[in-house]
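Here are some short exercises to work through with the model open beside you. Try each task before you read its solution.

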Amino acid sequence: MIIRLELLRVWRSRRPLLTGFSLLFFLMLMLLGFYTYARTETGGDVDFRYTYENESYFNGLTFALYAFYFGFLLILPIFAATEGGAQIAGDTASRTLNLYLSRPLTRSRIFFTKFTIAACGAALVVGFFLAISLALGLFTVGWGDLRIYPGVLQMTSRPQALSQDEALFRFFLAWPTATLALLTPLSLSFLLSSWAKSPINAVGISFALYLMLYVIAEIHFFRELRPWLFTSSMSYWRGLFQEEIPWKTMGQEAAKLCGFTALFLALAFRRFRTREER
Amino acid sequence: MTVPLIQIEELTRRFGKRTALDQLGLHVGSGEIVGLVGPNGSGKTTLLKMMAGFLKPTRGRISLFGLNPYTQRAAVMEQARFAFAPPPLFESLTAREHVKHLTRIRRREMPRVSPADIDQALVRVGLFHRQHDKVKTFSFGMRQRLTLALALLPKPRLLVLDEPTDGLDPLAILELRSVLKDLRRETGITILLSSHLLVEVDELVDRMLVLSEGKRIFLGTPDELCSGTEILELNTSDLDGAFSLLEKAHMNPQRRKNRIQLPLDSITLQEIIKLLTPAGIDVLEFHKKRPGLEEALLARLRHESNARESAEIAG
């Protein structure tokens, strides 16, 4: 069973452990940023002690949302690119792909097993990040209702509030929706991984490409290009944190992302199926 | 009529302008051991990779068990095992995990590999005592052994080994030889063995294929290779003078200490005496020598190289 072997390899590679530590480190930095911000910008009006009933603007849910939002923009795509890039190009560079190809195993099984493992890895990373953000928010800041105001997150044009239970449910929904969005950069890195001979090149190029497309999608000057870029749809999951979830718009954005993922995967598979192992 | 296990016809492979294999033909029957020999860059690895379906032929045909390895690789691998050099292995996995997981990759109709089979394979290659150690702690020779263990399970009909003796100590080479001989005796397996060690080839193979610059320059038994390249060894009154005259006459002389060696395929002793006597050089001693496999191979390669150079100059 190639899937068991692949799982064992991922586990032994210590990538999951490193990913976990990196995300925890990022959350610590975010927490530090929160405290610093509260002390300097709010004039000490906000209390960060453990207060479960704290109804102030800054609470554990706000922290979790901020942390996930910023983490999703940069940190999670890095892990997706690393995982995707390491898969085929890593095995090509170390020639261990020949071990698989010397067994009665079709290329499609190799390819889709690797993608499944990477996609499940992405889902676990997203879930872990959300869970740790919420837990850290609960224990260090305290929960309450989730209040969102127009500002940094650009999530709303008017002040909104979600009850604590409703907000937690929305965080739960954010897990699959954000994972779906992450599959697009993951499949892009798979495409590059099936072309590149070195995993470093595959990871580096896919991350650079993602950054470039992200920046273009964010800059007003390129607004005509936005609909054609997958990066402009990647934050579609933020709709979940509006009082009224815009399901239709979210569905359209999700469909667009699925289309990009399918396209990148089809191109990657075509390349992998027809390429020679020199 | 039975279909040969390996059938190669007019097989050509080009990489850009370079021709790595040039119109190669080879038929290997069931139960044969064939040695693949040639200098670096002669096309051995290209041939093995084409047999494994890793490379597509530019021209010609290749089939294993009647199947096209490039388009039907997975089906070919049900019955064939390839052990490539240097051995590609997963550094973070143990020897036993390699054998256990990789031999589980099989089709339903293939025999199941039991833990006892794994034990036996590891004992056979002398890795049983290190079975739980990670591969990153293994020497090159131990990696070679593990690759061989992987190639033995489940029992294949065709075993293709690329430089299997590289990195092995003399005792391990002897053990490998005995493993391969036992395998053939017990299962009638067909083996294609690419090796630089001609002693190994001489000991094991029924036939050998010699490649040079992508071309087949010999296919036959080791005895046939030796018999076609007998040498005349001379001692003369003036070795330098004789050598110079023989060289000018394009007789391909070679200096061996205080002797001159000449290929006997197209030269007679009378011709040599006729050439040396007018120059006042006497032949003091001569004898016909049947060369070892290494000398015979070198002579054949040298002959091919000279012929190619002459053709290039003429062209």
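**Exercise 1. Find where Pro86(B) sits, then describe the peptide bond that leads into it.**

Solution. Start with the location: Pro86(B) belongs to the loop between strand E5 (80–83) and helix H3 (95–104) of chain B. Helices (H or I, at least four residues) and strands (E, at least two) are DSSP runs, numbered from the N terminus. Now look at the bond: from Ala85(B) to Pro86(B) the peptide is cis, with omega near -10°. Next, go to Pro154(B), in the loop between helix H5 (140–152) and strand E6 (158–162) of chain B. Its bond with Leu153(B) is a cis peptide bond too, and omega is about -25°.

A word on ground rules: this is a predicted model, where local features need pLDDT of at least 70, side-chain atom pairs count only at pLDDT 80 or more, and totals for chains, interfaces and linings use all residues. Residues are numbered from 1 along each chain as its sequence is written, chains are lettered from A and ligands numbered from 1 in the order in which they are written, and side-chain values use heavy atoms, with hydrogens and water left out.

**Exercise 2. Work out how H9(B) and H10(B) cross, and which residues make the contact.**

Solution. First, the geometry: the axes of helix H9 (residues 239–248) and helix H10 (residues 269–276) of chain B come within 10 Å and cross at roughly 115°. Axes are lines fitted to C-alpha atoms, for helices over the stretch in contact, and angles run from 0 to 180 degrees between N-to-C directions. That makes H9(B) roughly perpendicular to H10(B) (65 to 115 degrees; under 35 is roughly parallel, over 145 roughly antiparallel, the rest oblique). Then the residues: H9(B) brings Ala242(B), Leu245(B) and Leu246(B), while H10(B) brings Ile272(B), Leu275(B) and Leu276(B). Contact here means heavy atoms within 4.5 Å. Sorted by class, that is six nonpolar, no polar and no charged residues (nonpolar: Ala, Val, Leu, Ile, Met, Phe, Trp, Tyr, Cys and Pro; charged: Asp, Glu, Lys and Arg; polar: the others, Gly among them).

Just past H9, in the loop between H9 and strand E11 (254–256) of chain B, sits His250(B). His250(B) has a positive phi of about 55°, although it is not a glycine.

**Exercise 3. Describe how H6(A) packs on H8(A).**

Solution. Helix H6 (residues 164–195) of chain A meets H8(A) at an angle of about 25°, with the axes 8 Å apart. H6(A) and H8(A) are therefore roughly parallel to each other. Their contact holds 19 nonpolar, five polar and one charged residue.

**Exercise 4. How much area do chain A and chain B bury between them, and how many residues take part?**

Solution. The two chains bury about 2800 Å², 57% of it on carbon and sulfur atoms. Buried area is the accessible area (1.4 Å probe) that two parts lose on being put together, summed over both. Chain A gives 25 residues to the contact and chain B gives 39 residues. On the chain A side, Arg12(A), Arg103(A) and Pro104(A) lose the most area, together 27% of what that side buries. For the complex, the predictor gives an ipTM of 0.80 and a pTM of 0.83.
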